[in-house]
Structures are given as C-alpha cells and as structure tokens.
Amino acid sequence: MATKNKSTIKPLRLGAGWKYAPAPESSASAQIQHQYELFIDGKWQPPKKGAYLESINPATEKKLYRAAVATEQDVDKAVAAAQKGFDKYWKKMSGKDRGKYIFRIARLMQEQARELSVMETLDGGKPIRESRDIDIPLACNHFFYYAGWADKLEYALPNRTAKPLGVAAQITPWNFPLLMAAWKLAPALATGNTVVLKPAETTSLTTLKLASIIQEADLPPGVVNILTGAGETGSALVRHPNINKIAFTGSTAVGKWIQQETAASTKKLTLELGGKAANIVFSDAPIDQAVEGVVNGIFFNQGHVCCAGSRLYVQESIASVFIQKLKDRMATLLVGDPMDKNTDIGAINSAAQLDKINQYIRLGKKEGAHHYESDARLPQKGFFCRPTLFTKVAQSSRLAQEEIFGPVLAILTFRTEDEVIEKANNTPYGLSAGVWTDKGSRIFNMSRRLKAGVVWANAYNLFDPASPFGGYKESGYGREGGWHGLYPYLTF
Ligand code: NAP
Ligand code: MG
C-alpha cells in the first residue's frame with residue numbers, strides 16, 4: 001500500500017541549518033586613514049571649504065573614515081589641473097609610454113589586491129569572496145587590457161587619425177566602486193585623455209587608495225584627479241564648461257538630468273544606468289545549473305547589480321519544481337559578516353538602500369504577490385536583508401517593472417517563446433538578460449529578439465574586459481569594455 005512506502009525521513013535540505021566555523025578575513029592588511037583629502041594635480045589637497053563626510057562600514061554601522069567634500073572651487077581646480085596635465089604631458093606622450101604607465105598601475109593594484117579587497121568589503125558591505133575573486137581581479141584586468149590598446153589605436157582604427165577629447169569627467173556608483181573606476185579610467189588614459197573622477201559618497205575608499213597607487217606609479221601630475229563628495233560635487237563637475245566628455249554610471253534619474261544639462265553643449269556623454277533584467281528558464285534547461293544561475297543573478301552582491309537577473313521567467317511546465325529547488329537553495333545561503341569567507345550575502349550598502357528594498361517588499365505583499373524569504377538569521381547590527389522571492393507577480397506590477405537593487409526576485413511564468421519575449425521586453429530598461437535552454441537555435445533566436453545590451457546564455461553575470469557592456473532604452477547608451485569602450489574617448 002502506498003502509505004506503507006511513505007518515508008518517515010524528511011527530505012534533506014542540503015546545507016540548511018549547517019553551522020560553519022567562522023572564517024574571517026583579517027582587516028589588518030587595510031591601512032585606512034582617519035581622513036582623506038582631495039587628489040588634485042598629483043597631490044593630496046584639503047578642500048577649499050573644509051567640509052568632510054563620514055563613511056561607515058554598513059555591516060557594523062561603525063565609522064570608517066572621513067573624506068573631503070569637493071565644492072565648485074575644488075572642481076574648478078581639478079579641471080584646471082587635468083587640462084594642464086593633458087596639454088603638458090599626456091597628449092604629447094606616445095601611446096607606448098602611456099601604455100607603460102597603465103600597465104604599472106595594473107601591476108601595483110595586483111600587488112595590493114588583498115588590501116583593496118578588504119577595503120572594498122569594509123566600506124561597501126559586499127562579501128570578501130566577491131571583492132577578492134571578482135571586483136579586484138577584474139579591475140586589475142581592465143587596466144592590463146587597456147594598457148595593451150594604448151599603442152595600437154592606429155591599427156584598431158585603420159585609415160583614421162584618432163585623437164583624445166581632452167578632460168573627461170567620470171562619476172561612479174557605490175555597487176562596484178573600484179571596478180567602475182577601472183572601467184572608466186583605463187580606456188580614458190589609453191586613448192590619451194585626462195580625468196577628474198568622483199566616486200559615490202558611501203564608497204570612496206578604494207578609489208582613494210587607487211589615487212595613492214597612481215601617485216606611486218608616478219603618473220604625471222593632473223592626469224588623474226580624484227574628488228570625493230556628494231551629488232553636488234558630481235553636478236558641479238557635469239556643469240563645468242571645460243569638460244569635454246562625461247562618463248556616468250548610476251541611476252536613471254540622475255542620468256536623465258545629466259542628459260538635459262548637457263543637451264546644448266558639445267560634451268560627449270555615455271550613460272550606464274539601471275536595469276530590470278529577465279532571466280528566462282525553458283523547460284529543456286539543465287535545471288540545477290539554471291537554479292545556480294538564477295541565484296547568482298539576483299543574490300550576487302546583495303542584488304546591488306545594475307544587470308541583476310531580478311525578474312525570473314520560468315516555463316509553466318517546470319515552474320513548481322524549479323521554484324521549490326530555488327527555495328531549497330536559498331535556504332542554504334549564508335547572510336552576514338561580509339568579512340567571513342563563508343558569507344554568500346553581505347550587508348546592504350546603506351540604511352537608505354535597505355529602506356528602499358523593504359518598501360518594495362511591503363509593496364509586493366500589498367500588490368498580492370506571494371512572498372517567501374529564507375529563514376537566515378541576521379546580525380543584530382548593520383544593514384541586512386534575507387534572500388527573498390515573490391511568486392504570482394503580475395507583469396504590470398511595480399515589482400516586475402521597477403529596479404529594486406536588492407536581493408529580491410520577482411517570478412513570472414510563460415508558455416511560449418513569443419510570449420516570454422514580449423513580457424521580457426516590456427520594461428523601460430534594456431541592459432541585460434539571461435536564457436537557459438538546451439537548444440542552440442533558441443539561444444540565437446532569443447538573443448536577437450531580446451532588447452538587452454548583454455544576453456547571457458546558460459550563464460549569468462560573467463564579465464570580461466575584452467567584452468563590451470552597456471544597454472539601451474532607459475539603461476543608457478555607449479559601451480564600456482572591449483575596443484568599443486575606446487570610441488567614446490576619441491574624436492576623428
Ligand atoms: P546615483 O544616485 O545616480 O549616483 C551615482 C553617482 O552619481 C554617485 O557618485 C553620486 O554621488 C553621483 N550623483 C548623484 N547626483 C548627481 C548629480 N545630480 N549630478 C552628478 N552626479 C550625481 O546612483 P547610485 O544610487 O549610486 O547607484 C545605483 C544605480 O546605478 C542603480 O540604478 C544602478 O542600476 C546603476 N548602475 C548602473 C550600472 C551600469 O553599468 N549600467 C552599474 C552600476 C550601477 P553620491 O553617491 O555622492 O550621491
Ligand atoms: Mg562606507
């Protein structure tokens with residue numbers, strides 16, 4: 001009889017409730033100063049108005065360092081220094097010599113990779129495993145990659161004489177601080193431009209450390225200037241008349257403002273903005289591999305990823321099995337101390353961001369979607385969020401349309417290829433997407449029809465310096481990475 005065969009042993013939820021011995025990375029390698037000044041003209045200089053902002057460690061809420069707030073006068077000074085650096089040194093230097101400097105920066109970063117990783121995790125809250133294995137190595141690789149382009153521009157662009165634009169203003173967000181600085185600095189320097197860069201106010205530390213690496217690399221004064229500060233510093237930089245090019249990564253709202261502000265100018269502009277990526281799983285996909293990919297797509301870096309796979313479209317016939325497997329896997333994810341090498345999900349970057357995520361979770365419940373979160377125990381202090389998913393999500397709901405920028409997955413189902421393409425494309429964004437299927441022809445069909453700058457197939461969140469990255473629609477325009485990433489810094 002069926003009941004006799006019924007097992008009394010509960011199914012094993014792999015890893016759920018397992019206790020791991022703590023494996024903390026030491027913070028001893030990070031020499032964090034109490035206070036940082038502005039890096040202008042190759043020197044550390046105090047801000048004209050003398051104001052500083054405090055940056056905290058979001059996992060402990062303890063103060064970490066103070067960074068100068070650059071005002072309009074400091075922006076003016078930095079832009080003048082960058083102009084001088086351009087005229088006096090950088091535009092006159094051969095590509096071969098520029099390449100040597102960029103290569104030197106890459107080598108010094110590599111030598112100091114442990115310190116950079118620890119700083120990134122302490123300042124931003126991402127797990128040390130990610131800073132160590134993803135952010136910092138990729139940042140180094142971007143400098144290595146573009147060092148190789150500096151003396152090859154004439155071969156890459158035959159029969160055209162490429163010239164640098166001059167002074168570039170670069171503004172970076174808090175989710176990948178050093179990596180975004182590398183994405184911007186390396187191609188600008190390789191093409192002969194000089195730079196004024198502003199990091200995000202909650203995560204300036206590794207960019208400030210990069211300034212000291214640049215000093216150590218003996219880059220001519222004024223070629224790279226780093227200005228810390230809040231949004232006003234960024235807007236002063238955007239408005240400065242002697243800026244020739246703006247590279248911005250951040251929110252769509254600020255990106256739109258920059259677009260309006262520069263519309264009547266000759267400033268060249270590239271924008272890397274938000275996203276609401278669809279991760280699409282067909283019934284013929286390797287299911288366990290796809291579960292891992294979906295987990296990686298949304299829970300990696302606490303979901304603080306512009307290209308996060310924040311909408312899962314799973315084919316109806318496998319939906320219940322897939323969602324159960326996903327829940328089982330979520331139960332094994334360790335949330336907590338970002339400095340612990342076991343941690344999968346670290347701290348949310350700020351109290352404000354955690355509030356925003358929680359508002360979306362409340363909204364999802366109110367909209368009638370079914371809520372599930374893991375039962376991970378959260379630390380008492382710091383900003384943390386359990387991995388969360390919603391099922392029964394309506395295509396038109398805000399949960400499926402708006403960027404949450406946290407570890408919250410909206411799950412929807414579909415029956416046919418045409419249906420899922422229509423649904424996946426139905427957002428204002430167009431940055432990235434993922435497709436999971438056994439069929440090569442389907443991958444080609446989907447990647448052609450999905451309106452996304454990047455489409456991963458049977459993989460997610462893979463990056464390479466040689467591969468261009470960027471979106472369209474409200475995700476911005478222009479590309480970073482690869483030889484496409486050289487174009488925005490050149491004129492012909
Ligand atoms: P954000 O508020 O737009 O800030 C981005 C940067 O712009 C920060 O350095 C910020 O300084 C500065 N800023 C703020 N207001 C400004 C203004 N009026 N003029 C000039 N600069 C200004 O975005 P975020 O919250 O830091 O980053 C999250 C967003 O970035 C998400 O929407 C995400 O999708 C997007 N993002 C996109 C990509 C991509 O490649 N497409 C990559 C990463 C992140 P403060 O920090 O001091 O305010
Ligand atoms: Mg911080």
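The exercises below look at how ligand 1 is held in a predicted model.

In this predicted model local features need pLDDT of at least 70, side-chain atom pairs count only at pLDDT 80 or more, and totals for chains, interfaces and linings use all residues. Residues are numbered from 1 along each chain as its sequence is written, ligands are numbered from 1 in the order in which they are written, and side-chain values use heavy atoms, with hydrogens and water left out.

**Exercise 1.** Find the residues that come nearest to ligand 1.

*Solution.* Begin with the rule that a residue is near a molecule if one of its heavy atoms lies within 4 Å of it. There are 28 residues around ligand 1, and those that come nearest are Thr 172, Gly 250, Ser 251, Leu 273 and Glu 403.

**Exercise 2.** Describe the polar contacts (pairs of N or O atoms within 3.5 Å) that oxygen atoms of ligand 1 make with Ser 251, Glu 403 and Gly 229.

*Solution.* First take the side chains: a polar atom of Ser 251 lies 2.5 Å from a ligand oxygen, and an N or O atom of Glu 403 is 2.6 Å from a ligand oxygen. Then turn to the backbone, where an N or O atom of Gly 229 lies 3.2 Å from an oxygen atom of ligand 1.

**Exercise 3.** Explain why ligand 1 lies between two domains.

*Solution.* Domain 1 (35–272 + 472–491) and domain 2 (278–457), whose bounds come from an automatic or database domain assignment, both give residues to the shell around ligand 1, so the ligand lies between them.

Key:
A polar contact is a pair of N or O atoms within 3.5 Å; within protein, one must be able to donate a hydrogen and the other to accept it, and residues adjacent in sequence count only if both atoms are side-chain atoms.
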